[in-house]
Amino acid sequence: MIAAAIDASINPIVRTYIEDLRQALSQAGFQGELLLANCVGGMMPPAEMLRRPIYSVMSGPTLAPMAALALSDEANVIVGDMGGTTFDVSALRDHQIIVTPDSMIHDDSLGIAKVDVRSVGAGGGSIAWVDDGGLLRVGPQSAGARPGPACYGAGGTAPTVTDANVVLGIIDPDYFLGGRIKISRDLAEKAVASIATRLGIPLLDAAYAIQTTSNHNMVGAIEEITIREGINPRDSFFVCGGGATAIHIAEMADILGLKRYMIPRFMAGLSAFGGLISDITREESAVFLTSTRRFDAAGVSDILARLKVSGEAFLEQAGVEPDLRRFEFSFLGRYEYQSWEIEVHFEANEARLDAAKLPGLVEAFHQMHERIYSIRSDRDVVEFTNWKLRAVGKRANQDAWRDFRLADQATAPVAKTHRPAYLHETRRTSSLPVYDMDQLGAGAALDGPCLVEATTFTAFLKDGHRGRVDPQGNIVVTVD
């Protein structure tokens, strides 16, 4: 009922948006293919989105893990996307995106499967405040884009995370968005001073307190999707997304015990990149209850065959050539009397299962259950409740980005300037080298503490964090 209500209520909004977008693209002379992001980790044609507009809900954040899937071959990956208002976190397990059947929108179940992305109110515009007990809080209130952080000079006066990073010297007021937007250090200091006065501490200490409080808020979100889901963050590779994550990742890595993380060259547009390189996808599912007590292989095979027919029809309509199509199968299973299911992937040749495949399905379920909940119960009956098919179609030239290679760094990188920035470890301001991202070649080594500036982001590497630019221009950092 909730899903039907959401689908019906957003239908006119999505329809108007798509019609306006088509018209604008036509007027601009666009001759390419228009695809829209969905919330199951891929793209779909406009006609399909108009048929099921609920799949547009929270579709943007689901593209960041799709980008990470392409950028890294690591098995376990954490993806953090910090923008202006929120921090979105997702994860890859066994180099697969995690799709949850229990997606929520506010306090209600969305009613459809969705890539598991969690959000907290921790962005560059998150407002710092002191509660009645004298404790510093950051967010979930946000200054938004208008008026934005105090340093924007657009009328905002509340201290934000961005203001704190300006005061700390991490963000250069003269090089915000590559210098196209001038921001004010004086206004940032004035805003942060209100927190310093309230807490009775120096200005730089207040700025760092705002930054580290925001970091711990984001660490909490990361632990929610890793530790509580059976993933050890210390064994994971972190991929940064959004314009602000690279400022905060170094301290978060130390808190979480991360040993390696990536700052992509196009970090600020990670989700947009995910959309450009994602497959055309649609998920189909059907309820069919059976169990290890009396496994109905014929019934399951009939369900899988029908799902595949539907998936083939979708990819045909989307214009995907037969040799570019593939189908991924999974089931939702549980131990008998459990009230929740987990998703388990499996292979199904020609969309059929026979009884001989049952031991493999059961063992895959036990392993996934043990991974998530640290226990397995081999003697319990396993119930299969839902069967799913993911129809996937590759697009022409979607992998063309892999052909890009940076020229090798011939000599040691030279800092374009030095800037005083506060280092909490030394409790003082130090002059840090600032490197220009556009001047770094493949193999360039960057040892923290240092700053790296790109047009759309600033990265801060702490002491003991050693970065190296990979052939495609991403900074891969190893922590000592």
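A residue is called buried here when its relative accessible area is under 20%, and F273, at 9% relative accessibility, therefore falls on the buried side of that limit. The model on your screen is a predicted one, and this tour moves through it one selection at a time.

**Stop one: the aromatic pairs**

A pair of aromatic rings is described by the distance of the centres and the angle of the planes. Across the whole structure, a search finds 13 aromatic pairs. Select F273 together with W401, whose rings form an edge-to-face pair with 5.2 Å from centre to centre and 85° between the planes. Because F273 belongs to helix α8 (residues 270–277) while W401 sits in the loop between β18 (382–393) and β19 (417–423), the pair ties together parts that are 128 residues apart in sequence. W401 has a relative accessibility of 16%, so this residue also counts as buried.

Next, select F295 and F384, which form another aromatic pair of the edge-to-face kind, with the centres 5.5 Å apart and the planes at 65°. This pair, too, links distant parts of the chain, since F295 is found in the loop between β15 (280–291) and α9 (297–317), F384 is found in strand β18, and 89 residues separate them. F384 has a relative accessibility of 0% and counts as buried, and F295 is buried as well, with a relative accessible area of 16%. If you now add F329, F331, F346 and W387 to the selection, you will have the cluster that ring pairs build together with F295 and F384.

For a contact of another kind, turn to Y175 and show K416, which lies over the face of the Y175 ring at 3.9 Å from the ring centre.

**Stop two: R325 and its partners**

Select R325, which you will find in strand β16 (residues 325–335). Is R325 buried or exposed? Its relative accessibility is 16%, so R325 counts as buried. Show the side chains and look towards E316, because the side chain of R325 makes a polar contact with the side chain of E316 at 2.6 Å. The side chain of R325 also reaches a backbone atom, the oxygen of V320, at 2.8 Å. Leaving aside residues up to four places away in sequence, the residues that R325 touches are E312, L315, E316, V320 and V392.

**Stop three: H369 in helix α10**

Move to helix α10 (residues 358–373) and select H369, which has its place there. H369 is buried, with a relative accessible area of 3%. What does the side chain of H369 reach at 3.0 Å? It is the backbone oxygen of I375. Apart from residues up to four places away in sequence, H369 touches Y335, Q338, I342, S374 and I375.

**Stop four: the largest pocket**

Rolling a probe the size of a water molecule over the atoms shows where empty space is left. The largest pocket has a volume of about 830 Å³, and 33 residues line it, of which R93, I98, V99, T100 and D116 lie nearest its centre. Selecting these five residues will take you to the right place. The elements that each give two or more residues to this lining are β5 (96–97), β6 (99–100), β7 (104–105), β10 (118–120), β17 (342–346) and α10. Helix α10 provides the largest share of the lining, six residues.

**Stop five: the cavity**

How many cavities of 30 Å³ or more does a search of the whole structure find? There is one, and the largest cavity has a volume of about 110 Å³. To find the largest cavity, select Y208, Q211, E251, F460 and K462, which are the closest to its centre of the 15 residues that line it. The elements giving two or more residues to its lining are α6 (203–225), α7 (245–256) and β19, and the largest share, four residues, comes from α7.

**Stop six: C240 and helix α3**

Select C240 in strand β13 (residues 237–241). With a relative accessibility of 0%, C240 counts as buried. Not counting residues up to four places away in sequence, C240 touches G80, T245, I249, M262, I263, P264, M267 and L270. A distance to draw in the viewer runs from C240 to I97: the two are 143 residues apart along the chain, and their C-alpha atoms are separated by 16 Å.

End the tour at helix α3 (residues 63–71), which is mostly covered, with eight of its nine residues buried. The buried residues to colour in α3 are L63, A64, P65, M66, A67, A68, A70 and L71.

How values were computed. Residues numbered from 1 in each chain as written. Predicted model: local features only at pLDDT ≥ 70, side-chain atom pairs only at ≥ 80, totals over all residues. Heavy atoms only, no water. Buried < 20%, exposed > 50% of the residue type's maximum accessible area, 1.4 Å probe, protein only. Polar contact = N/O pair within 3.5 Å; in protein donor to acceptor, adjacent residues only side chain to side chain. Contact = heavy atoms within 4.5 Å. Phe/Tyr/Trp six-rings, centres within 6.5 Å; stacked < 30°, edge-to-face > 60°. Lys NZ or Arg CZ within 6 Å of the ring centre and 35° of its normal. 1 Å grid on protein atoms, 1.4 Å probe; cavity = no way out; pocket = protein on both sides within 12 Å on 5 of 7 lines; lining within 4 Å. Points joined across faces, edges and corners; volume = space filled by probe spheres on them.
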